[in-house]
4 protein chains.
Amino acid sequence: MRKKRLLNRLFAGRATDREVSVPKSVTALLALCSALMSERGEASGAKLASEVVASYRALGVAEREAFFDVLARSFVPDAIEIDRAAESYRQDRSPSRLMVLQDAVESPRQELFRRWNMAPGGTAALLALRQDLLKASRHHPDWAGVDAELVHLFRSWFNRGFLTLQRIDWHTSANILERLIQYEAVHQIQGWGDLRRRLEVDRRCYAFFHPALPDEPIVFIEIALTRDVATSVQPLLDPESPVVDPRRASHAIFYSITSCQEGLRGVSFGNLLIKQVVEVLGREFPRLRTFATLSPIPGFVQWLTTRGLTRLELGHGAAEVVATARSGVGLADLSVQPAVRDELMAACAWYLVKEKGDPDGTPPDAVARFHLANGATLERLNRGGDQSSIGVRRSIGITANYVYRPRATERNHEIYVKTHRVLAGPEVERLLRRWQRMTEKQRRSS
Amino acid sequence: MRKKRLLNRLFAGRATDREVSVPKSVTALLALCSALMSERGEASGAKLASEVVASYRALGVAEREAFFDVLARSFVPDAIEIDRAAESYRQDRSPSRLMVLQDAVESPRQELFRRWNMAPGGTAALLALRQDLLKASRHHPDWAGVDAELVHLFRSWFNRGFLTLQRIDWHTSANILERLIQYEAVHQIQGWGDLRRRLEVDRRCYAFFHPALPDEPIVFIEIALTRDVATSVQPLLDPESPVVDPRRASHAIFYSITSCQEGLRGVSFGNLLIKQVVEVLGREFPRLRTFATLSPIPGFVQWLTTRGLTRLELGHGAAEVVATARSGVGLADLSVQPAVRDELMAACAWYLVKEKGDPDGTPPDAVARFHLANGATLERLNRGGDQSSIGVRRSIGITANYVYRPRATERNHEIYVKTHRVLAGPEVERLLRRWQRMTEKQRRSS
Amino acid sequence: MRKKRLLNRLFAGRATDREVSVPKSVTALLALCSALMSERGEASGAKLASEVVASYRALGVAEREAFFDVLARSFVPDAIEIDRAAESYRQDRSPSRLMVLQDAVESPRQELFRRWNMAPGGTAALLALRQDLLKASRHHPDWAGVDAELVHLFRSWFNRGFLTLQRIDWHTSANILERLIQYEAVHQIQGWGDLRRRLEVDRRCYAFFHPALPDEPIVFIEIALTRDVATSVQPLLDPESPVVDPRRASHAIFYSITSCQEGLRGVSFGNLLIKQVVEVLGREFPRLRTFATLSPIPGFVQWLTTRGLTRLELGHGAAEVVATARSGVGLADLSVQPAVRDELMAACAWYLVKEKGDPDGTPPDAVARFHLANGATLERLNRGGDQSSIGVRRSIGITANYVYRPRATERNHEIYVKTHRVLAGPEVERLLRRWQRMTEKQRRSS
Amino acid sequence: MRKKRLLNRLFAGRATDREVSVPKSVTALLALCSALMSERGEASGAKLASEVVASYRALGVAEREAFFDVLARSFVPDAIEIDRAAESYRQDRSPSRLMVLQDAVESPRQELFRRWNMAPGGTAALLALRQDLLKASRHHPDWAGVDAELVHLFRSWFNRGFLTLQRIDWHTSANILERLIQYEAVHQIQGWGDLRRRLEVDRRCYAFFHPALPDEPIVFIEIALTRDVATSVQPLLDPESPVVDPRRASHAIFYSITSCQEGLRGVSFGNLLIKQVVEVLGREFPRLRTFATLSPIPGFVQWLTTRGLTRLELGHGAAEVVATARSGVGLADLSVQPAVRDELMAACAWYLVKEKGDPDGTPPDAVARFHLANGATLERLNRGGDQSSIGVRRSIGITANYVYRPRATERNHEIYVKTHRVLAGPEVERLLRRWQRMTEKQRRSS
């Protein structure tokens with residue numbers, strides 16, 4: 001009964017849409033969507049759904065936006081029905097009335113998307129649809145509901161319980177490897193030779209996959225197995241670097257983690273991936289003692305420029321270095337005096353540990369927030385850890401090691417979530433103390 | 001913010017539970033559930049979820065019911081918050097306010113179940129939980145909300161797009177085959193020898209599987225490839241029946257379809273399975289002309305007893321046969337006079353085609369409703385089609401052939417849904433005409 | 001050139017065959033074989049080979065024997081050519097002349113069988129052919145050459161390097177499991193329920209497979225993981241026996257090993273299978289300390305009857321027990337006085353350790369020879385270890401534990417091969433000493 | 001008994017070897033080989049074999065040659081025993097005496113290699129060994145026996161019945177794809193982008209694999225599915241060429257076939273691969289009408305230079321073109337007058353169809369011999385079919401289409417094998433007639 005009313009509105013919606021001149025191709029797609037939602041859709045689901053998907057794919061950018069407009073306006077719950085159900089529930093808090101209300105507020109879009117998914121390749125098509133939606137959504141706040149419902153659906157479908165961890169190596173199909181090359185954004189992969197080195201025996205790469213997308217990694221992580229903490233990423237990426245025996249490695253360095261599906265933005269898996277990989281590696285290589293990232297500090301220079309220089313009362317030399325760093329040079333071309341170097345390292349420690357982002361008191365650096373919330377600690381800062389021009393522009397080449405200690409992550413996570421205190425290792429603490437001495441001296445001297 | 005309030009209620013809920021003396025084991029499970037819902041749950045999801053699952057599994061029947069009680073009472077949305085969001089939405093029909101309301105009405109249970117699913121084997125555990133719930137739900141109308149939310153979740157997770165069709169044959173693992181033997185209820189499988197015959201080259205068995213349950217068929221169908229319409233099921237099931245060359249078969253007889261997961265009750269796949277199998281078989285065997293079921297008529301005798309005999313003014317002979325049939329004899333032991341036989345066949349046609357179930361005007365027979373709603377037609381009735389005592393008790397041994405014509409199912413489905421008219425083949429029509437003649441003669445003679 | 005001559009002989013051979021009235025079907029098969037050996041065979045190998053295989057399969061028993069006769073007589077090397085090549089090699093021991101001789105002595109049958117193998121299912125067909133050949137070979141000493149060449153080919157094809165070890169469990173396909181039921185001869189499998197128990201977590205089953213026979217185990221072994229040395233096989237086979245946690249097991253009991261392919265008779269894999277399984281189990285279960293068989297002693301009663309009673313001067317009681325044992329009773333029905341029991345146990349130790357089979361000085365018991373040659377030691381004898389009537393008939397129910405110690409097998413093997421000395425454990429040595437005491441006492445008393 | 005004598009000789013052989021100063025590493029390997037052949041080898045085959053393989057791999061080039069010398073001299077049959085067995089067989093032509101002789105002539109090397117194969121990776125190691133042997137064999141005619149025995153073994157092991165046909169596409173592992181790039185010699189693959197185009201939907205690539213070498217293609221073939229006979233290879237290889245719908249293709253162009261394993265030289269699979277691929281493609285694409293190669297004519301320019309120019313009395317222009325072609329220019333840089341062009345095309349037809357290679361009367365061109373012996377016909381010659389400098393240097397850029405007609409190949413093969421007549425299509429016949437006219441005119445005019 002309820003479904004019928006929804007369908008009526010859909011058709012009514014289409015009538016209205018025509019008035020505001022919806023393109024024919026979109027009207028055709030809407031007719032298919034209506035059919036898919038109808039009894040007929042139940043009878044011939046997969047076939048109709050395939051037509052819907054093909055029809056959507058054939059739309060141009062403007063047509064897709066017109067389609068999103070209709071989705072946002074028309075495939076919505078019946079407001080009157082909602083009012084009635086809410087009032088009814090207000091008068092009697094019974095489970096059955098709650099169920100009626102829950103039913104009333106659910107958008108027909110949800111069911112539309114669920115049926116859309118019956119098409120072969122339907123899940124991929126829905127991810128692509130959301131990607132399209134996100135592209136233009138800044139100018140369309142009214143699409144927020146559509147997006148929220150897609151996210152809701154994806155959170156349900158891409159439940160961790162449905163993802164499988166797969167190792168990626170040189171035995172993996174070219175089809176998947178090619179996607180790593182395309183997706184890797186942290187440290188770009190320069191072709192197949194570069195990739196091959198990253199898949200040697202002293203490297204590891206793991207990805208989460210979803211059964212409906214067998215050729216599409218959801219998120220992947222790259223690891224180097226080494227005999228020391230890696231303080232710089234360039235040696236790890238060097239295709240000519242010698243391959244070492246992984247059974248003798250003591251350190252697993254997580255040097256890159258990449259979310260592949262733009263359509264899954266806001267549905268996070270990185271946290272779970274890191275933890276499972278720590279477990280898997282620990283089992284395979286009992287000699288591994290340290291699981292550490294080699295992470296960028298993306299917000300440091302930006303923060304120095306806007307606030308840090310002043311707040312920390314850094315000297316003229318530091319200001320100059322920061323200005324040069326922003327111009328896009330590599331570290332080799334950036335001459336920094338030893339005193340300024342020390343000053344900047346200490347400032348970086350301050351930035352990551354002491355500075356609070358507004359308004360909730362968490363650290364201002366996104367990468368720091370991610371790893372600290374996962375239960376890692378900030379163990380070390382590396383001068384010249386990323387010598388590329390992008391590394392310099394973001395953090396004057398400094399990188400951070402966040403360390404995951406399997407037994408401590410849960411407790412660390414709780415401390416962090418409750419207090420937003422940044423747990424830092426002795427080397428970082430030393431930098432902070434140095435900072436204190438420096439500023440004290442400065443004050444005294446001033 | 002919202003999450004925090006929910007957690008507070010959860011803990012509050014637990015406090016209350018204690019007062020009504022919730023068993024310790026259940027309290028422990030609830031504490032784990034709360035942890036799973038907390039920040040800690042985000043950090044160590046899979047591990048905590050595994051503990052939740054193990055802890056639930058260790059509960060006895062009574063403890064599980066106590067747990068369901070808490071689930072039904074405590075893991076519920078905040079009524080005040082719902083009122084507020086509903087009122088807010090009433091005043092402004094904006095997408096954002098709708099989103100707030102949608103968020104407000106969703107039970108914390110949904111999120112609990114989603115996190116529960118992170119455990120290895122979590123999906124299977126949730127199906128088992130619902131099976132437990134259903135067993136005792138008749139006496140617990142207040143659990144309806146929990147059940148509805150599980151169904152909602154399963155409908156999303158077991159979307160057709162995530163199911164894979166797999167052929168089951170003698171190369172399938174014993175692990176799965178054993179489940180067929182356990183689950184098959186229509187025509188019980190009498191051990192491995194019986195099963196083996198059902199998997200020979202002139203038989204086919206297909207099942208839907210879900211990636212999270214690789215060893216558990218969701219629903220399976222059994223088919224015989226024959227050179228004639230099968231009018232009786234016993235020859236098909238005979239382990240000693242000769243194996244024929246399937247490439248020469250003209251008929252695919254769907255003689256059994258079984259839903260395996262009690263936990264998925266109400267989430268239907270049979271319709272989709274039949275249609276995909278018709279497609280698959282059509283491609284593999286281009287000579288197949290007819291796709292027909294050999295179906296029981298489970299409600300016929302029951303209907304005859306309660307209403308049919310009177311309504312159709314059947315004679316004394318028929319009444320006697322019906323009485324004997326209900327006593328549980330095989331067809332061989334049921335002597336029926338030719339005239340009575342004809343009378344019963346005609347009555348059966350009348351029952352399936354003309355009789356309307358209350359109140360919505362659909363046919364009273366569940367199997368008929370299923371196939372007709374799928375777009376099949378009622379093609380033929382078979383006297384002695386099922387000679388087993390259960391076949392006699394249900395329908396005096398009469399079986400029905402419903403036929404699926406790929407090109408016509410969609411149209412048939414629409415006609416049926418709109419008019420509830422039963423589309424019947426010429427043989428069934430002939431039976432109906434005979435019935436008319438018989439009754440007319442009777443009236444004239446009376 | 002050489003090939004042509006061979007073909008001429010084949011055709012000539014066929015002419016002669018006709019005179020001795022070779023059946024038409026065999027003549028047709030021979031024509032196909034000739035074609036397969038010809039240039040045409042090179043061009044359309046697989047197709048012709050399939051016809052050859054099909055044609056052979058269609059032959060009756062007598063026809064197959066007629067075919068073997070021709071194989072034995074006609075597809076043979078050219079004697080004159082051999083003489084010439086041998087003489088040539090005698091005059092000049094050059095590699096090239098040796099090659100000519102090697103080429104000359106090779107039967108065309110070898111090439112025929114190699115080409116036969118190009119047919120899909122060709123390898124299985126050749127195994128079946130040898131099985132047929134073996135059945136009647138006792139009456140056909142002239143077939144020995146054909147058989148020897150098949151063995152030579154199989155030894156090459158079934159090289160250990162091409163076999164894969166696979167674990168058999170309840171996830172294995174019914175197709176393969178069914179074969180275990182058929183093939184197991186040591187301790188027959190009583191249907192699927194019995195098999196299932198043998199594949200539980202505290203049991204292991206491994207088989208060698210060849211890539212050309214993916215559904216056919218070559219040889220398989222059954223193991224029980226236990227917390228004690230098993231002294232009796234009946235508890236291990238009991239389908240109702242409780243399943244124990246294999247991680248706590250200290251003993252792996254190899255209670256049955258079965259060669260499946262009669263066509264591979266004389267090509268042995270059991271030795272290699274045992275050794276690899278010891279390795280695999282040792283890795284999976286580091287707590288396992290002992291790898292022991294629970295083996296029959298098939299020749300004991302037979303030997304007692306013909307020689308042992310006299311040679312060991314056993315008393316009247318023992319003779320009576322032996323006579324009853326041979327009549328086919330179970331152990332429960334065999335009343336044996338304690339003194340006779342001890343006498344028989346000691347005699348059995350003597351039989352296995354001291355008695356020498358003629359003429360090469362190896363032990364007379366086939367099972368003992370197998371395990372000792374593999375490097376195992378005779379560790380223990382078990383009274384009532386096999387209580388079945390066959391166990392009684394063979395060895396009055398006594399079984400033997402042979403123990404494999406991974407580090408010692410190589411040395412044991414060498415000792416055994418060089419000296420034929422049976423390495424026995426302390427319990428067996430004790431039995432031997434008792435025997436000595438008994439006989440000494442007897443002598444003194446007589 | 002016989003084995004023992006062989007072993008004695010082996011050790012004796014080693015003694016002698018020492019005198020001619022066999023390197024220590026080789027002596028150690030020989031000791032391992034002896035152990036592998038001994039009783040101990042039977043007991044611990046796989047482990048010893050692994051040591052043998054590792055020990056061989058560690059040898060340098062000179063050491064390997066020293067090892068081959070010993071193999072050639074020492075692991076040989078006993079000449080006296082051969083003489084005796086040959087004489088014995090001469091006196092009595094019984095199967096058993098033949099068996100003794102066959103046994104006597106077999107080299108212990110055969111058994112050594114068979115045991116060597118028990119090592120994991122043993123098959124690959126033996127292929128590598130033969131590759132090493134072949135490299136230096138030109139200077140070591142005495143190694144011919146070793147090589148012949150390896151070939152004999154490989155022919156048995158790499159029987160067509162054990163090879164599997166696999167399609168190679170973009171879903172294949174990078175590991176295997178990388179090998180295609182390495183191995184392809186006919187038309188080199190310029191990196192992964194080039195390879196990707198060759199694996200698009202309108203291209204096909206198939207390879208034979210052996211179970212013991214799962215990552216190593218044995219031989220592979222590349223095919224383009226087109227709507228016309230391809231007359232030039234460059235458009236097929238162009239990475240930017242548009243991808244067409246393969247279901248509409250009428251022609252399958254086999255443009256490259258590559259044997260990958262140097263160690264299998266002389267054991268041919270190309271013939272079988274082509275035939276099976278013709279079958280597979282015919283089934284998948286019923287619209288395919290023509291299966292044609294696009295083949296090089298490797299010997300044409302060479303033949304023209306040495307004999308053709310004179311024999312065919314070609315003019316000065318042709319001679320000049322041939323001289324330039326040999327200098328290594330691309331076709332674009334070779335200016336040829338139309339008359340000379342026609343002359344060369346006709347000469348090429350003459351070369352392929354009429355010229356006879358010595359001494360057996362087969363065509364002088366190796367590629368022609370291969371396809372004609374497979375039952376193909378020479379259908380067409382393409383001017384400028386391969387414009388690369390290598391194409392020009394070999395055949396002035398002319399390519400040949402050999403056509404496989406499934407129903408005719410067997411007959412064609414027989415005709416070719418018996419008569420060495422080259423079956424040519426009408427276009428080639430036309431070129432031959434033109435040639436005749438030209439020469440007649442020439443003669444008349446001279």
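How many residues of chain B are in contact with chain A? The count is 51, and they meet 51 residues of chain A. This is a predicted model.

**The interface of chains A and B**

Together, chain B and chain A bury about 4,100 Å². Carbon and sulfur atoms account for 60% of that area. Polar links cross the interface too. The rule finds 15 residue pairs in polar contact there, both partners being at pLDDT 80 or more. On the side of chain B that touches chain A, six helices give two or more residues: H3 (39-43), H6 (79-91), H7 (95-105), H10 (144-157), H14 (270-284) and H20 (409-419). H10(B) supplies the largest share, nine residues.

Two salt bridges are found across this interface. In one, B:Asp83 pairs with A:Arg93. Their closest N and O atoms are 2.5 Å apart.

Chain B also has a well-covered helix, H8 (residues 108-116). Eight of its nine residues are buried. Among them are B:Pro108, B:Leu112, B:Phe113 and B:Trp116. Three arginines are buried in H8(B) as well: B:Arg109, B:Arg114 and B:Arg115. B:Gln110 completes the buried set.

**Chains that do not meet**

Some chain pairs have no contact. The table lists two of them.

| Chain pair | Closest C-alpha atoms |
|---|---|
| Chain A and chain C | 14 Å |
| Chain B and chain D | 14 Å |

**Helix H12 in chains A and D**

In chain A, helix H12 spans residues 191-198. Its buried residues are A:Trp192, A:Asp194, A:Leu195, A:Arg197 and A:Arg198. What covers them? The cover includes helix H11 (174-183), strand S2 (203-209), strand S3 (219-226), helix H13 (233-237) and strand S4 (251-259) of chain A. H12 of chain D is also part of the cover.

Chain D has its own H12, again residues 191-198, and D:Arg198 is found in it. Is D:Arg198 buried or exposed? D:Arg198 counts as buried because its relative accessible area is 3%, and the cut-off for buried is under 20%. The side chain of D:Arg198 meets two backbone oxygens. A polar atom of this side chain lies 3.0 Å from the backbone oxygen of D:His187. The side chain also reaches the backbone oxygen of D:Gln188, at 3.0 Å. Leaving aside residues up to four places away in sequence, D:Arg198 touches D:Glu184, D:His187, D:Gln188, D:Ile189, D:Arg203, D:Arg204, D:Glu222, D:Leu237 and D:Tyr255.

**The sheet of chain C**

Which order do the strands of the chain C sheet take? Seven strands run S1-S2-S3-S4-S5-S7-S6. The sheet is open, and its pairing is mixed. At the edges are S1 (164-167) and S6 (377-382), each paired on one side only. From one strand to the next, the twist averages 30°.

Within the sheet, S4 (residues 251-259) and S5 (residues 290-293) of chain C pair in the parallel sense. Four bridges join them. At this pairing, C:Ala252 stands opposite C:Phe291 in S5(C). Strands of a sheet pair through backbone hydrogen bonds, in either a parallel or an antiparallel sense.

A helix lies across this sheet. H14 (residues 270-284) of chain C crosses S1, S2 (203-209), S3 (219-226), S4, S5 and S7 (399-404). H14(C) runs at about 135° to S2(C).

Methods. Residues are numbered from 1 along each chain as its sequence is written. Chains are lettered from A and ligands numbered from 1 in the order in which they are written. This is a predicted model: local features need pLDDT of at least 70, side-chain atom pairs count only at pLDDT 80 or more; totals for chains, interfaces and linings use all residues. Side-chain values use heavy atoms; hydrogens and water are left out. Two strands pair if DSSP finds at least two bridges between them. Axes are lines fitted to C-alpha atoms, for helices over the stretch in contact, and angles run from 0 to 180 degrees between N-to-C directions. Contact means heavy atoms within 4.5 Å. Buried means under 20% relative accessible area, exposed over 50%, partly exposed in between (1.4 Å probe, protein chains only). Buried area is the accessible area (1.4 Å probe) that two parts lose on being put together, summed over both. A salt bridge is a side-chain nitrogen of Lys or Arg within 4 Å of a carboxyl oxygen of Asp or Glu. A polar contact is a pair of N or O atoms within 3.5 Å; within protein, one must be able to donate a hydrogen and the other to accept it, and residues adjacent in sequence count only if both atoms are side-chain atoms.
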